[in-house]
Amino acid sequence: MPKYGMVIDLQKCVGCGACALACKTENNTQDRAKGQTFNWADFIMKAEGKFPDTKFTVRPVLCNHCTDAPCVKACPVTPKAMHKHENGMTIHNQERCIGCRLCQDACPYSTRDVDKDKAAYSVISFNDFEDEVHPFYKDKTEVVAGCTASGAEISQKAGDMPPHRTLYTHSDYVSVREKGKVEKCIFCEHRVLHGEKPNCVVACPASARVFGDLSDPGSEVSQLIKKHKAVQLANNKGELLKPGEKGTQPNVYYIRNFSVRK
Amino acid sequence: MLKDKVIDRLSGSADLISTDRSRCMRMRFNRNGCRQCLEQCSAGAIDIYEDVNINADKCTECMLCVSACPSGCFTINGLDFYSLTGRLRKVQASVQSPVLGCLSDPKKTAHEKTVCLGFLSEEHIIALYVFLQGPLQIDISGCTDCRNSSIAGILESRIAAVGGKISLPVSEKIRLIRNKAEIDFHAVSYDRRGFFSALKNATFLKASLLFDDDNEPVHAYSAKKLPFKRELLNRAIKFLPEETQVALFKNYYYNVRITGDCNKCFACVGMCPSGALKIEDNNTGRELFFNSSLCNGCGLCENFCMTGAVGIKKGFPGKNPFEFIRLKEEVRHLPTASSVEP
């Protein structure tokens with residue numbers, strides 16, 4: 001059984017955002033609102049220093065599919081809604097989720113409210129108990145009054161919600177989430193099971209994202225980790241795990257970090 | 001799907017009790033310690049470690065788990081309690097006091113027979129008291145020779161408990177018959193017309209049980225479903241006089257309160273299996289609302305609350321448990337320095 005992971009080459013990444021867009025279209029995630037990002041693929045953008053000694057870094061982030069996943073430990077239902085698959089992926093089962101958000105609390109890369117906590121991102125997002133999912137496509141007010149269609153009209157004409165919905169099926173999760181449940185990156189398991197790569201990997205124009213089997217020493221991901229000094233994220237503030245530090249044993253690695261100015 | 005189900009039910013291979021783990025408090029919250037079904041099951045047939053399972057080889061079919069579970073995890077297949085009471089009412093039109101017996105008793109002196117009567121919870125007894133016009137005889141004379149002999153005593157204490165709580169002559173109307181000789185059975189005599197309509201009704205009943213989808217056994221954990229016991233009580237209570245209603249509010253309904261420690265995470269809304277808690281937006285922001293008639297008193301909200309702000313207590317002090325009321329944050333009465341003994 002493979003153990004999937006990802007390596008992101010920061011010297012190839014230009015921060016174009018294709019991965020984030022590809023993820024949003026593939027997984028039909030809704031717009032950021034009320035402290036929930038719904039961005040399963042996101043970025044930490046950092047501008048530091050004072051002109052002219054400034055530094056700007058972009059680090060693409062996603063669920064780390066940790067080997068020692070605290071979100072799984074925290075999930076209170078039986079069988080766990082947040083659970084590990086044998087292939088190393090941390091998968092969320094929609095049917096069993098009751099929306100208690102203990103996973104959001106437990107995950108070092110997540111927060112209940114990114115705005116309030118001034119966090120760069122949150123791996124796990126929560127669909128509110130009351131608010132509509134994809135409110136834009138249920139809103140009947142015209143985007144430009146007297147001129148354009150409303151979100152509701154677009155989705156009605158397209159015959160789906162959201163209109164661009166990618167229809168996929170999976171035994172654990174659904175293509176559009178329901179109210180009162182959390183959601184997160186599922187490493188596009190519905191694609192991987194069919195021999196495809198996650199959509200963010202496919203979309204990256206620079207091939208900065210490499211997806212593969214970490215348990216196979218000959219795989220590209222294993223080779224890259226061996227060749228370069230790979231680092232892992234420690235939290236959602238952009239701090240890295242120090243050498244020797246295990247953290248939650250994240251399976252997303254970053255290689256070849258660089259900086260224009262020292 | 002439907003075909004399989006119908007065949008299952010026709011051939012009788014479907015389990016007698018279906019379980020829905022999404023209702024089980026322990027499955028919903030791993031730190032919950034509910035043991036109600038385990039404690040009732042003297043055969044040790046129930047396993048609630050990783051899933052809710054009934055070991056059919058060990059199960060004596062006493063149905064005590066069904067009546068004990070506070071959140072409605074167990075359902076008896078093929079038993080529609082509403083149509084059972086409906087048929088008993090019909091019998092009452094020609095016979096003064098119908099007899100309810102159990103299927104394992106070979107005697108023919110019963111108008112209706114069901115699986116073991118251990119499924120009759122206090123709520124069921126109240127419903128029988130309310131929905132039947134005249135007295136009902138429950139034949140427990142066969143219990144002594146049955147492997148589930150404890151049911152006779154349990155039913156007796158349940159009926160006594162109901163009578164005590166609502167101070168109505170329940171035990172006079174729902175009579176337990178321990179001695180075979182005391183059964184007052186009169187067969188319903190059918191004329192030609194009555195015979196055929198009885199035949200028709202029986203056929204429709206069987207057909208409705210075959211295609212019955214109401215008791216779809218498995219739900220998503222997020223689905224809200226009121227346990228049958230509570231639904232029954234909510235229906236029955238409306239036919240009772242006001243002072244009895246107040247006694248029922250006190251003994252069978254629950255009240256939830258929150259303190260100022262509530263951080264409005266609303267996880268309790270998701271935890272609640274029956275939808276008694278909900279969020280409503282009003283001008284001061286989001287508030288928690290509670291509906292006592294939808295609360296089965298399982299206490300998962302209190303059990304789960306991370307700030308210890310939610311408290312649940314038996315007894316509904318208000319007048320109308322059927323409406324959602326806003327939960328006001330109450331000041332927790334911490335012991336003051338003077339009240340604490342040194």
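These exercises with worked solutions deal with a predicted model.

**Exercise 1. Overall form of chain A**

Work out whether the radius of gyration of chain A agrees or disagrees with that of a compact globule.

Solution.
- Start with the length. Chain A has 262 residues.
- Take the expected value. A compact globule with 262 residues would have a radius of gyration near 18 Å.
- Compare. Chain A has 19 Å, so the value agrees with a compact globule.
- Add the extents. Along its principal axes, the C-alpha trace spans about 55 × 50 × 35 Å.
- Add the secondary structure. Chain A holds seven helices and nine strands.

**Exercise 2. Interior, contacts and surface of chain A**

Describe burial, contact range, exposed area and charge in chain A.

Solution.
- Burial: 54% of the 262 residues in chain A are buried.
- Contacts: take those in chain A with a separation of 6 or more. Residues 24 or more positions apart account for 63% of them.
- Surface: chain A exposes about 12600 Å². Carbon and sulfur atoms supply 54% of that area.
- Charge: chain A carries 37 positive and 31 negative side chains. The centres of the two sets lie 7 Å apart.

**Exercise 3. Cis peptide bonds**

Which residues in chain A are joined to Pro52(A) and Pro79(A) by cis peptide bonds, and where do the two prolines lie?

Solution.
- Recall the background. Most peptide bonds are trans.
- Take Pro52(A). A cis bond joins Phe51(A) to Pro52(A), with omega about 5°. Pro52(A) sits in the loop between strand 2 (42-50) and strand 3 (53-61) of chain A.
- Take Pro79(A). Thr78(A) and Pro79(A) are joined by a cis bond, with omega about -15°. The loop holding Pro79(A) runs between helix 2 (70-74) and strand 4 (82-84) of chain A.

**Exercise 4. Positive phi outside glycine**

Locate His134(A) and Cys188(A), give phi for each, and decide whether they are buried or exposed.

Solution.
- Recall the background. Most residues other than glycine have a negative phi.
- Take His134(A). Its phi is near 55°, a positive value. His134(A) lies in the loop between strand 6 (125-126) and helix 4 (151-158) of chain A.
- Apply the burial cut-off, under 20% relative accessible area. His134(A) has 4% relative accessibility, so it counts as buried.
- Take Cys188(A). Its phi is positive, about 45°, although Cys188(A) is not a glycine. Its loop falls between strand 7 (182-183) and helix 5 (189-192) of chain A.
- Apply the cut-off again. Cys188(A) has a relative accessible area of 7%, so it is buried.

**Exercise 5. Disulfides**

Why do Cys102(B) and Cys298(B) form no bond with the closest cysteine sulfur?

Solution.
- Set the rule. A disulfide needs two cysteine sulfur atoms within 2.5 Å.
- Test Cys102(B). The closest cysteine sulfur, in Cys116(B), is 6.0 Å away, which is too far for a bond. Cys102(B) is buried, at 17% relative accessibility.
- Test Cys298(B). Its closest cysteine sulfur is in Cys272(B), at 6.2 Å, so this pair is also too far apart for a bond. Cys298(B) is buried too, with a relative accessible area of 16%.
- Check the total. The count over all chains is zero disulfides.

**Exercise 6. Helix 11 of chain B**

Which residues of helix 11 of chain B are buried, and which elements do they pack against?

Solution.
- Set the range. Helix 11 of chain B covers residues 242-252.
- List the buried residues. They are Thr244(B), Gln245(B), Ala247(B), Leu248(B), Phe249(B), Asn251(B) and Tyr252(B).
- Find the helices they pack against in chain B. These are helix 6 (122-131), helix 7 (150-166) and helix 10 (228-237).
- Find the strands. The buried residues also pack against strand 9 (254-259) and strand 12 (310-314) of chain B.

Conventions. Residues numbered from 1 in each chain as written. Chains lettered and ligands numbered in written order. Predicted model: local features only at pLDDT ≥ 70, side-chain atom pairs only at ≥ 80, totals over all residues. Heavy atoms only, no water. Helix = DSSP H or I, 4+ residues; strand = E, 2+ residues; numbered from the N terminus. Rg over C-alpha atoms; globule rule 2.2 N^0.38 Å. Buried < 20%, exposed > 50% of the residue type's maximum accessible area, 1.4 Å probe, protein only. Contact = heavy atoms within 4.5 Å. Areas by Shrake-Rupley, 256 points an atom, 1.4 Å probe, with all protein chains shown as cover. Lys, Arg positive; Asp, Glu negative; His and termini not counted. Charge placed at Lys NZ, Arg CZ, Asp CG, Glu CD.
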